[in-house]
Amino acid sequence: MDNKGIKGEVSKELVLFIILIIVIGGVIFWVNRSDKTTDTSAKETTTEEVQDENGESEKVEGEAPKEETEKEENEVDFSKLSDSEKLGSDGLPILMYHFFYDKTKGETAKDGNWLEVATFEEHLNYLEENDFYFPTWQQVADYVNGKIDLPKKSVVLTVDDGEESFFKVALPVIEKYDIKLTQFLVTSWNGWFKNDYPAKQVTYQSHSDNMHKAGADGRGAIVNWSYSEILNDLKTSRSVLGDECIAFCYPFGHYNDNAKKAVKEAGFKIAVTTEGGRAKKGSDPYALPRVRTSSSTTLEVFKGLVN
Ligand SMILES: [Zn+2]
């Protein structure tokens with residue numbers, strides 16, 4: 001009898017317990033649902049607020065210039081260029097910059113790779129006033145592979161190493177002139193700068209993930225490491241920078257056939273060196289020369305480099 005009584009009580013308690021669980025579960029489910037709904041509406045409100053404050057939404061601001069740029073590029077119909085409008089046989093200057101300093105803030109050149117930002121601004125101002133064209137890396141690849149012509153006044157601007165002075169000193173000037181430029185990042189050092197400084201004028205390309213250092217023989221790691229080590233490093237760098245990353249810059253300008261092969265296999269379409277000269281139709285797309293700038297590249301010197 002006693003046992004039965006206990007069993008009866010136990011099963012009564014069990015039923016009550018199950019009902020309680022169902023009720024609590026139901027309440028939690030309902031609260032969660034309404035939370036999500038609140039979240040979504042909160043997000044929507046935030047977006048709308050941003051749109052209202054700026055007149056345009058941030059999203060539109062980010063996307064519209066890209067469409068504009070693409071349109072602008074498409075407007076240049078390279079097949080219709082007359083001989084006098086085409087880039088001459090002396091080729092395409094791919095300029096190489098490194099670091100920047102601001103004299104008005106008491107900064108000085110630490111070595112010959114440091115350019116006064118006021119001089120850099122003169123360079124950009126000159127390019128803008130003279131309607132220079134800034135081809136994409138895909139267009140540079142198509143040009144050296146003989147598939148397209150480029151307009152006469154074409155130039156590519158590249159900056160190596162992702163050093164902080166670029167972002168702090170040079171980037172505001174680049175944004176002011178709205179001129180397209182490539183920054184070659186060493187992704188293990190500063191790959192996150194791609195997200196920290198998402199300027200629409202700047203394309204972030206690879207200067208390796210972690211090969212900007214000496215290998216066993218004192219030359220760059222890319223001419224010392226095994227093929228698989230090089231390939232892994234290159235793939236890592238590309239995975240950090242994303243699909244738009246198709247150009248590679250050899251650290252210290254060091255490369256060999258092994259390095260070139262790995263760069264190609266990693267998915268890059270083009271690679272630049274530190275050898276002096278212009279990229280021409282028929283140039284090796286995996287060893288393109290560049291035109292070096294330095295502390296002493298005044299506007300007059302600069303005109304000679306791009307014309
Ligand atoms: Zn470098």
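What follows is a short back-and-forth about a predicted model of this protein.

User: How many helices and strands does the protein have, and what share of the residues is buried?
Analyst: The protein has ten helices and nine strands. Its chain counts 307 residues, and the buried ones make up 31%.

User: Among contacts between residues at least 6 apart in sequence, what percentage joins residues at least 24 apart?
Analyst: Take the contacts in the protein between residues at least 6 apart in sequence as the pool. The part of that pool that joins residues at least 24 apart comes to 63%.

User: Let's go to helix 5. What span should its 14 residues have, and how far apart are its end C-alpha atoms?
Analyst: Helix 5 covers residues 164–177, so at 1.5 Å a residue it should span 20 Å. That agrees with the model, where the end C-alpha atoms are 20 Å apart.

User: Where is the kink in helix 5?
Analyst: Look shortly before the proline at position 172. The kink is about 50° and lies at alanine 170.

User: Which elements do the buried residues of helix 5 pack against?
Analyst: The buried residues here are Ser165, Phe166, Val169, Ala170 and Ile174. They pack against one helix, helix 3 (117–129), and against strand 2 (99–101), strand 4 (156–160), strand 5 (181–185) and strand 6 (202–206).

User: Which residue follows helix 5, and what is its phi?
Analyst: Helix 5 is followed by aspartate 178. The phi of aspartate 178 is positive, near 55°.

User: Now helix 3. Why do its buried residues sit on the same side?
Analyst: The buried residues in question are Val117, Phe120, His123 and Leu127. They sit on the same side of helix 3 because they cover an arc around the axis of only 110°.

User: What covers the buried residues of helix 3?
Analyst: Helix 5 is part of the cover, and so is helix 10 (299–306). The cover also includes strand 2 and strand 3 (114–116).

User: What phi does aspartate 131 take?
Analyst: Aspartate 131 comes just after helix 3. Its phi is positive, at about 50°.

User: On to strand 5: how many of its five residues are buried, and which lie on each side?
Analyst: Side chains in a regular strand alternate between the two faces of the sheet. In strand 5, Leu181, Gln183 and Leu185 are on one side, with Thr182 and Phe184 on the other. Both faces are covered, and the number of buried residues is five of five.

User: Which strands pair with strand 5, and over how many bridges?
Analyst: Strand 4 pairs with strand 5 in the parallel sense over three bridges, and valine 159 stands opposite glutamine 183. The chain gets from strand 4 to strand 5 through helix 5, in a right-handed β-α-β crossover. Strand 6 also pairs with strand 5 in the parallel sense, with leucine 185 opposite serine 206, and here the count is five bridges.

User: What is the handedness of the crossover from strand 7 to strand 8?
Analyst: Strand 7 (residues 247–249) and strand 8 (residues 270–276) pair in the parallel sense over three bridges. The chain passes between them through helix 9 (residues 257–265), and this β-α-β crossover is right-handed.

User: Which residue in strand 9 stands opposite valine 272?
Analyst: Valine 272 is in strand 8, where it is the bridge partner of cysteine 249. Strand 8 also runs parallel to strand 9 (residues 288–292), with two bridges joining them. The residue opposite valine 272 in strand 9 is leucine 288.

User: Is arginine 292 buried or partly exposed?
Analyst: Arginine 292 is found in strand 9, and apart from residues up to four places away in sequence it touches Met96 and Gly276. It has 16 other C-beta atoms within 10 Å, and buried would take 20 or more, so the class is partly exposed.

User: And histidine 207, in the loop between strand 6 and helix 8: buried or exposed?
Analyst: Leaving aside neighbours within four places in sequence, the contacts of histidine 207 include Asp160, His212, Cys249 and Pro251. It has 26 C-beta neighbours inside 10 Å, so it counts as buried.

User: What separates the C-alpha atoms of histidine 207 and proline 251?
Analyst: Along the chain the two are 44 residues apart. Their C-alpha atoms are separated by 6.2 Å.

Technical notes. Residues numbered from 1 in each chain as written. Predicted model: local features only at pLDDT ≥ 70, side-chain atom pairs only at ≥ 80, totals over all residues. Helix = DSSP H or I, 4+ residues; strand = E, 2+ residues; numbered from the N terminus. Buried ≥ 20, exposed ≤ 12 C-beta atoms within 10 Å, placed from the backbone. Contact = placed C-beta atoms within 7 Å. Expected span 1.5 Å × (residues − 1). Bend = angle between axes of the 7 residues up to and from the residue. Pairing = 2+ DSSP bridges. Right-handed = clockwise from strand over helix to strand, strands pointing away. Arc of directions from axis to C-beta.
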